[in-house]
Amino acid sequence: SVVYLYLTLPPEWRTDLPDITQNWGDFKRGDAEEADEKPTKQTPGALPPEKIGFHYHRVRLFERFVNRIKPMHSGQKPPFYFIHILLPHVPFIFLPSGKYYGSDRSVGPNFPYPWNHDPRLLADHYQRHLLQLATADRLLGSLLDKLQETGLYDQSVVIVMADHGLSSKPGEPRRNITMGNYGDLLSMPLLIKLPGQKQGKIIDKPVKTIDIYPTLADILKIPVPAKNHGKSMFAPDYPGFTQLVVHADKHSNKTGTYPVVTRENLMRQVSDKISIFGEGDTMSLFRIGPHKEWIGKPVAQLGPAVQPASSGWSASLDNAEAYRHVDLNSRYLPAMVQGTLSVKPGEALPTEVWVAVNQTLWATYPVLEKSGNRLKFYAMAPEEAFKSGQNQVQLLVPVGNPAAPQALVVIEGK
């Protein structure tokens, strides 16, 4: 009945209908469950329930999908489970745990299109994308655990794929393809686990997304309709190719021809990320910029003397109320610390501003936007930075050479 309404109602009347793009059925039930999950008690700083939209329910949507997977009974027809989930797709609002830290309109700097050459902005984009990718990774792990628990894993075909990549190259668009960013946009994950498979392997052969359906049919030994543009990736006569014809602009019918993505392209992308974040667990995503070794250390133990700011300097937090009433049991956490630093008229703005939460340093490379005697700042802090109840946010301005500061001026965020 929901699909029928989508087919028959004018577009302007469809806005309040349940979403039908994320699963095969149970559209009304999913919408009702989503409504039931809206918090009855408002977390300070979080979006009010009436403004919580689809993007905030992506994690819960996947969790509900996993919970619906049940063991097979004797004589039961093998089930087919499918979900289309917009993760790690923008907006970037999730931490690895699945908690969200704001809305796409209210949190973080505006990303330019195409990219400019501000290394801080590119690092922020990479950081928030990888944090949200960690969310997707955790959810995928929960799916595999569920398949193991229900006894379905060994006999199942599991396919995980994406529809396109995303570029963060200076001077290049994020989505429109060019010769400068095609390696980012045309590379996407494709993971296939076969029934009974015990060991994995990497296959460098280029394939296309239209090949997913015939490949699945080939694995399951079921016929494929004659009108099908793809071919099984496992077919002996699978056609090799070295170029792809793709839409150069998602808003037009213009096409362009681009080389296929090679392992060399992929390793270059990995090297770019490692050059910013290094290697390690998700905490390495916060060790960017100068003094990476200081991230996560108490301010009092950093070495430089701490001194108060002169009169006329102030730091205004965009979401100050949220830091006074943090609830670690909530799905919301104000992990994007943003606000405005103001100095006396005529005084020079600092070139560096660092961010501490609860007297521990968590960011030395925030995005900075200068305007007159004001400095807008944006920085991510990990979940470990916060505690339930009142939290303290401080700005630290290094005195002298930021590489070896003589002292740190502390401004309390209010």
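Start by selecting Leu 395 in this predicted model. Setting aside neighbours within four places in sequence, Leu 395 is in contact with Ala 315, Leu 341, Val 353, Trp 354, Val 355, Phe 377, Val 409, Val 410 and Ile 411. Show those side chains as sticks and keep them on screen for the next stop.

Now widen the selection to the core around this residue. Which members of the largest nonpolar core touch the most other members? Leu 395 is one of them, along with Tyr 101, Val 337, Met 380, Phe 386, Leu 396 and Ile 411, in a core of 59 residues. Helix H4, residues 119-149, supplies the largest share of this core, with six residues. Another core lies apart from it and has 22 residues, including Phe 94, Ala 136, Leu 152 and Ala 322. Give the two cores separate colours. As background, nonpolar side chains in soluble globular proteins tend to be buried together.

Next, stay with H4 and add helix H3, residues 58-67. How do these two helices run relative to each other, roughly parallel or roughly perpendicular? Their axes come within 10 Å and cross at roughly 10°, which means that H3 is roughly parallel to H4. To see the contact, pick Arg 58, Val 59, Phe 62, Glu 63, Phe 65, Val 66 and Asn 67 on the H3 side. Their partners in H4 are Gln 132, Thr 135, Arg 138, Leu 139, Leu 140, Ser 142, Leu 143 and Lys 146. Coloured by type, the residues of this contact come out as seven nonpolar, four polar and four charged.

Keep H4 in view, hide H3, and bring in helix H7, residues 263-277. Here the axes come within 11 Å and cross at roughly 105°, so H4 is roughly perpendicular to H7. On H4, select Ala 123, Tyr 126, Gln 127 and Leu 130; these meet Asp 272, Lys 273, Ile 276 and Phe 277 in H7. This contact divides into five nonpolar residues, one polar and two charged.

Finally, zoom out and switch to a cartoon of the whole chain. You should find eight helices and 13 strands. Of the 414 residues, 42% are buried. Turn on a surface, too: the chain exposes about 22700 Å², and carbon and sulfur atoms supply 54% of that. How much of the contact network joins residues at least 24 apart in sequence? Among contacts between residues at least 6 apart, the share is 65%.

Key: Residues are numbered from 1 along each chain as its sequence is written. This is a predicted model: local features need pLDDT of at least 70, side-chain atom pairs count only at pLDDT 80 or more; totals for chains, interfaces and linings use all residues. Side-chain values use heavy atoms; hydrogens and water are left out. A nonpolar core is a set of buried Ala, Val, Leu, Ile, Met, Phe, Trp, Tyr and Cys residues joined through side-chain atoms within 4.5 Å. Buried means under 20% relative accessible area, exposed over 50%, partly exposed in between (1.4 Å probe, protein chains only). Helices (H or I, at least four residues) and strands (E, at least two) are DSSP runs, numbered from the N terminus. Contact means heavy atoms within 4.5 Å. Axes are lines fitted to C-alpha atoms, for helices over the stretch in contact, and angles run from 0 to 180 degrees between N-to-C directions. Angles under 35 degrees count as roughly parallel, over 145 as roughly antiparallel, 65 to 115 as roughly perpendicular and the rest as oblique. Ala, Val, Leu, Ile, Met, Phe, Trp, Tyr, Cys and Pro count as nonpolar, Asp, Glu, Lys and Arg as charged, and the others, Gly among them, as polar. Accessible areas come from the Shrake-Rupley method with a 1.4 Å probe; for residues, only the protein chains shown count as cover.
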